[in-house]
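Trainee: I am new to this structure and would be grateful for a close look at a single part of it, the sheet and what packs around it. Please set that part in the context of the whole chain.

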Amino acid sequence: MVLLGGPEEHDKNARLALATGATYPGHFDLRTFIGLVDRCDLVVSAVTMAMHIALGLGKRLVLLNNIFNPREFELYGRGVIVQPPQACSCFFQPRCTAPSFCLESLEPATVQVATLDLLGIREESISIAGGIVLFLISLRMLFPGAPRDAHELSGEPLVVPLAIPMVAS
């Protein structure tokens, strides 16, 4: 996952990257931004310039919509619109004046399901892939091969594999 945005989103994207492990390469000029969006398989965006760029480049799009009529958008069969359950009442205002921001009521799971659907990935596939990764990690722990340097000799290799079943279950 890569976070993109302009100077106004810099602080928020830096916080999100730190909290989630997503990649945030910083903000760029328009030409570079378009090039970065072009490298994406799928874009998740609100109604922003990124949405228009993604549509123009023919990218799959998960559109986070809160204040516009969803029938105003044509995603050309390459996207889906997700909306928060809480209705928005701040139409045509520069800032939200409601006691709670409506997009905060949009569950991440809703966006995740839309994203996986557009990518053609089922949740079961992710579970299986995670199991394979854990299996490969445990094999490497049980059969580590020769250490490449003296630093790898330190540590207790048999303690960690016992924790893997606990994490996996």
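Mentor: The account below begins with the chain as a whole, turns to the sheet and its surroundings, and ends with two residues elsewhere.

The model is a predicted one. Its protein chain averages a pLDDT of 83, and 86% of the residues score at least 70. Over residues 158–163, however, the pLDDT is below 50, and this stretch has two contacts in the model beyond near neighbours in sequence.

The secondary structure of the protein chain consists of six helices and three strands. Along the sequence these elements follow the pattern α-α-β-α-β-β-α-α-α. Of the 169 residues in the protein chain, 25% are buried. The accessible surface of the protein chain is about 12,100 Å², and carbon and sulfur atoms account for 61% of that area. Among contacts between residues at least 6 apart in sequence, 22% join residues at least 24 apart.

We may now turn to the sheet. Its three strands form an open arrangement in the order β1-β2-β3, with parallel pairing. The edges are taken by β1 (42–46) and β3 (79–82); each has a single partner strand, so one side of each is left without a neighbour in the sheet. On average, neighbouring strands of this sheet are turned by 15° against each other, direction ignored. Strand β2, which covers residues 60–64, pairs with β3 in the parallel sense over four bridges. Within these strands, Leu61 stands opposite Gly79 in β3.

Helix α4 (residues 108–119) packs on the sheet and touches β1, β2 and β3. The direction of α4 makes about 165° with that of β2.

Leu61 also leads us to the nonpolar interior. The largest nonpolar core has 13 residues, and Leu61 is one of those with the most contacts inside it, together with Val37, Val43, Met51, Leu63 and Leu75. The elements that give two or more residues to this core are α2 (30–38), α3 (49–56) and β2. The most comes from α3, which gives five residues.

The contacts of Leu61 itself can be listed, leaving out residues up to four places away in sequence: Leu61 touches Val43, Ser45, Met51, Ala54, Leu55, Leu75, Arg78, Gly79, Val80 and Leu118. Apart from the largest core lies another, of eight residues, which include Val62, Leu64, Leu106 and Leu118.

Two further residues complete the picture. Asn13 is found in helix α1, which spans residues 10–20. Buried means under 20% relative accessible area. Asn13 has 5% relative accessibility and therefore counts as buried. Not counting residues up to four places away in sequence, Asn13 touches Leu3, Leu4, Gly5 and Tyr24.

Phe101 has its place in the loop between β3 and α4. With 36% relative accessibility, Phe101 counts as partly exposed. Leaving aside neighbours within four places in sequence, Phe101 is in contact with Asn66, Gln86 and Cys96. Of these, Asn66 is 35 residues from Phe101 in sequence, and the two are 9.8 Å apart in space, C-alpha to C-alpha.

Methods:
Residues numbered from 1 in each chain as written. Predicted model: local features only at pLDDT ≥ 70, side-chain atom pairs only at ≥ 80, totals over all residues. Heavy atoms only, no water. Pairing = 2+ DSSP bridges. Axes fitted to C-alpha atoms, helices over the stretch in contact; angles between N-to-C directions. Contact = heavy atoms within 4.5 Å. Core = buried A, V, L, I, M, F, W, Y, C linked by side-chain atoms within 4.5 Å. Buried < 20%, exposed > 50% of the residue type's maximum accessible area, 1.4 Å probe, protein only. Areas by Shrake-Rupley, 256 points an atom, 1.4 Å probe, with all protein chains shown as cover. pLDDT = per-residue confidence, 0-100.
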